[in-house]
Amino acid sequence: MLKLLKDNILCLAVLVMLFSVSVIAQAHQEETSGIVPGKDLLTPAQRSWLAEHPVIRLGMEPNFQPLIVEDDQGNYNGILKELIDELNRVLQTNIIIDYGNWSDQVQKARKRELDGLLSVAPAQVRASKLLGTQVTHFEVPMVYVRKDSKLKINSLDDLKGLRLAVQDEIECLHVLIRPYDQYKEFYATKTSLEALNMLTEGKVDAVLAQNYEEFLLASHLITNIKVAFSDIKNPTPTVIGIRDDWPELVEIINTGLNAIGRENIAKYYSKWMSSYRDISDIVVTEEENIWLSANPVLKVWLPDNMPPYSHTSKGVRQGLICDYLKVMGKYLNIQLVPVYGDKSQADIICSFSGNRPDDTYLLTKYFFQASQVIITGNDVPFVPDVIWLSGKKVVVLAGSKMEKYLSEFSSLELSSAASVKEALEMLSADMVDAFVGEAVSSSYIIISNGMPGLKIAASTNYTEDLLALAVPAQEKTMLSVLNKAISAITLQEHDAILAQWMSVRYEQVADWKHLWKMILLFTAIPGGGLILVIFWNRQLGLAVAMRTDELNQYKEHLEVLVEQRTDELGLRNKELEQAMARLKQTQGQLILYEKLGALRHLVAGIAHEINSPLGAINTSREILAVNLRRIIDNVNYIAQALSGPHSQIVADIIAKCCKDAQQNTTLTSREKRALRAEIIGILEKNDIPNSEEVARLLVELKAHENYEGYVPLLKEKDAMELLNVMLSIVDAFVSCDTIELAVKKASKIILALNNYIRKGASNEDGSVMKEKVDIKFNLENILTLFYNAIKYSIRLEVDYEEDLPLIDGYPDELNQVWTNLLQNAIDAMNRSGKLGVKACRKDNGVLVEISDDGCGMTQEVKSRLFEPLFTTKGAGEGLGLGMDIVHRIVVENHGGKIDVASEPGKGTTISVWLPA
């Protein structure tokens, strides 16, 4: 019976805990619920269409972070990767992201070699002849400057005369700044990170980029850059572009996006960018933009002498409302100028407590709410709420809503004051126990009048002062743009304004919304645990008694065991001597294991580096096959053109195209745009049809130097077809060159890998034979294997002296030395910084220096650097044998020297000298 009762108690405790956990989990799921696939969202016809197209490939550039983020192992993640995964889950589709250079992806989409493109602007959708889904998000142009910069940028027009950097591939940014093309210097960079690094180093004054750069600043620890201007009036809507013969897929994807919901889509962006906001509700329309241009200055009436909301200090108008007006004006790119006195002179009236002046005015959204708080002396203990005031002396403002509310409590000894300052002075003089009033003005007066003995003890959950703007009823557009500016104010901006005018903080703030969950968590689970403790406590008492008897028995045998262990210790000493001998024999094997361990870390990067040229070869093969097929299909047509009246022009274009393709001459996007505009003008003067497409083909063919002489050929009716065939010839040459370069790259990697793992020739006794080693070649092989780890965010600086002498050594062991030193340098820099590799002659030998600008080492770490099993890395990241092996190889096996120079925060340089 007793056993049954114990079992029932145990079961009850477990059930209580499980119930508590399940309730809390269910509540959490209600707050963070996503889309749970249930009923099929698609129609039978859409399912049938998907069955005919089981795999959908959408192109994307991997360098657009954080839309797509590639890690060190070549795996992809990011906002769009997570969104596509969610679409596949909700729709049960198989949408695959195809990664590659953006220009190449656009061309593939035009040729329908891809089914669409991710994250494209509507203008590019039209230019690429695609269909667009509904908007997934908006991209906001932002101007970034250094934090120490004194530049004031209120519009893109302020960029004139500056040194500016913009990522080359983002066409919408180039379109924005084209009207202001008057820069001191202009740089079109390959990536946004390159532009931001130029700004960090002071090479440019500003960077124009998207709101994504917050991710790059955080992930690369760039702390000296700030946002100077956010062009919220010119956001770029972004969609998924789908090939124009697949409208069914557009409907399917829109169904999935609607099912996920805009709020959940925004969560993917805010996960990667903490300050991301969904600006769909605050995008300024074209009509509103016109209105704003016509009204660059709006006058806003404010009450005077009402600190800290609005007042005059030392002749300057200032206050909390003034700061809010500055933020709103920044978002609208207009001036909201405070005026005082006569309200009729103002366009807008600031409204307190939500009271509009009369029925001819309309109110905007509230931009500030001032809560009523309880203020007491610092010596007053914990104050829970207004309930604490029962039986206390309380002062309120005369005529306030709080006076009316508290007057209903007969237990209060209530008094009133004419002003907040008077009420606080009564509290400071201990005339009352508490003051209930508005938080911001009270805080301001406490600080400005030197009342350190007072504190805000609790919130009352009552709001009295609500701030809004009142506009004339007929000014609907003004009301709309002001509401959008209010919605655009970020939480950080609200906090910054409050921090300026309110320095006293609440003593305690309670979140009652989820209090029941906390009570359940801290009562049910410990309650169940308490039952278990009571049950197990008895069991432990019995167990302790049993263990005490056992310990007494063990004590009797302890002396016998000590004698036995003493004899065994002598035997173990002999075994230890034998083990030390075996340890020396396995030293070479340990080096091999360390080498294989290092290779394991490099193998993912090596595989990625080999896959890249293989992918380029495969893609070039496909392009080459398509172009050769087109050339073969048009052989007769080409022959006819070469024998026709314009044969010399055709021959000149083909010869020049082939020559340029072999020389691999390239043009930037900006140069291409300028050439197209120039050629279009000439073609239109000569009445050439399809002038824009013809100009594009001539630029792609690089036939832009003597294009005026091609006019007779371009007037022929089949000119477009002939240009396309000639472009196929150029693409074929380019594909061949790409294949050749890719083969060389893969061969270089494979050669480096072979040199890394090969073992040298052996002597007659089986030991490895020394050989002549080229240190430069030795280092270059290892750097090739590390290329994937350093190519993105590490700046490599290599300096080799000419005609370095060969040294007598073991190349496979030296490979291990450079591998360990380079890996440690990369880890010390957290895979971002400057890595230096230098080799020069010194004292009849070769000196190799490997340096980094990473975290550096303390004197204690330096003193233990070559100590076996010593490591500063986390568990599972290293055994502490790497530098010990380096020291043995350099000093014992090669008769060299190794020196370390390092300071915390200033990086490390390790010098290895090897005799020739």
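Here are some short exercises with worked solutions on a predicted model.

**Exercise 1: the open sheet**

Work out the strand order of the 5-strand open sheet, then say which strands sit at its edges.

*Solution.* Start with the order, which reads β10-β9-β11-β8-β12. The pairing in this sheet is mixed. Next, look for strands that pair on one side only: those are β10 (185–189) and β12 (225–230), the edge strands. Going from one strand to the next, the twist averages 25°.

Now zoom in on one pairing. How many bridges join β8 to β12, and do the strands run parallel or antiparallel? Strand β8 covers residues 142–146, and 5 bridges join this strand to β12. The two run antiparallel. For a concrete bridge, take Val-145: its partner in β12 is Lys-226.

**Exercise 2: one side of a helix**

Find which residues of helix α14 are buried, and explain how they are placed around the axis.

*Solution.* Helix α14 spans residues 420–428, and the buried residues there are Val-420, Ala-423, Leu-424, Met-426 and Leu-427. Check their directions from the axis: they cover an arc of only 155°, so they lie on the same side of α14. The spacing rule behind this kind of pattern is simple: an α-helix has 3.6 residues a turn, so residues three or four places apart point the same way. Past the end of the helix, have a look at Asp-430, which follows α14 and has a positive phi, near 60°.

**Exercise 3: what does Ser-441 touch?**

Locate Ser-441, decide whether it is buried or exposed, and list its contacts beyond four places in sequence.

*Solution.* First, the location: Ser-441 is in helix α15, residues 439–448. Second, the accessibility: the relative accessible area of Ser-441 is 7%, and since buried means under 20%, this residue counts as buried. Third, the contacts: with neighbours within four places in sequence set aside, Ser-441 touches Pro-307, Pro-308 and Val-420. Val-420 is one of the buried residues of α14 from the previous exercise. Ser-441 and Val-420 are 21 residues apart in sequence, with their C-alpha atoms 7.5 Å apart in space.

**Exercise 4: aromatic pairs**

Count the aromatic pairs, then take apart a stacked one and an edge-to-face one.

*Solution.* The count is 5 aromatic pairs. Take Tyr-76 and Tyr-99: their centres are 3.7 Å apart with 15° between the planes, and planes under 30 degrees apart count as stacked, so this pair is stacked. Tyr-76 is in strand β3 (residues 76–77) and Tyr-99 in strand β4 (residues 95–99), so the pair links distant parts of the chain, 23 residues apart. Tyr-76 is partly exposed at 24% relative accessible area, and Tyr-99 is partly exposed too, at 23%.

Then comes the edge-to-face case, Tyr-309 with Phe-368: 6.2 Å centre to centre and 70° between the planes. Tyr-309 lies in the loop between β14 (297–301) and β15 (311–313), whereas Phe-368 is in strand β20 (residues 368–377), so the pair ties together parts 59 residues apart in sequence. Tyr-309 is buried at 1% relative accessibility, and Phe-368 is buried at 7%. Both rings belong to a cluster linked by ring pairs, along with Tyr-324 and Phe-367.

**Exercise 5: charges over rings**

Which rings do Arg-317 and Lys-897 lie over?

*Solution.* For Arg-317, the charged end sits over the ring of Tyr-340, 3.8 Å from the ring centre. For Lys-897, the ring is that of Trp-913, and the distance to its centre is 5.8 Å.

Key
Residues are numbered from 1 along each chain as its sequence is written. This is a predicted model: local features need pLDDT of at least 70, side-chain atom pairs count only at pLDDT 80 or more; totals for chains, interfaces and linings use all residues. Side-chain values use heavy atoms; hydrogens and water are left out. Two strands pair if DSSP finds at least two bridges between them. Axes are lines fitted to C-alpha atoms, for helices over the stretch in contact, and angles run from 0 to 180 degrees between N-to-C directions. Buried means under 20% relative accessible area, exposed over 50%, partly exposed in between (1.4 Å probe, protein chains only). The arc is that of the directions from the helix axis to the C-beta atoms. Rings of Phe, Tyr and Trp (its six-membered ring) pair if their centres lie within 6.5 Å; planes under 30 degrees apart count as stacked, over 60 as edge-to-face and the rest as tilted. A charge sits over a ring if NZ of Lys or CZ of Arg is within 6 Å of the ring centre and within 35 degrees of the ring normal. Contact means heavy atoms within 4.5 Å.
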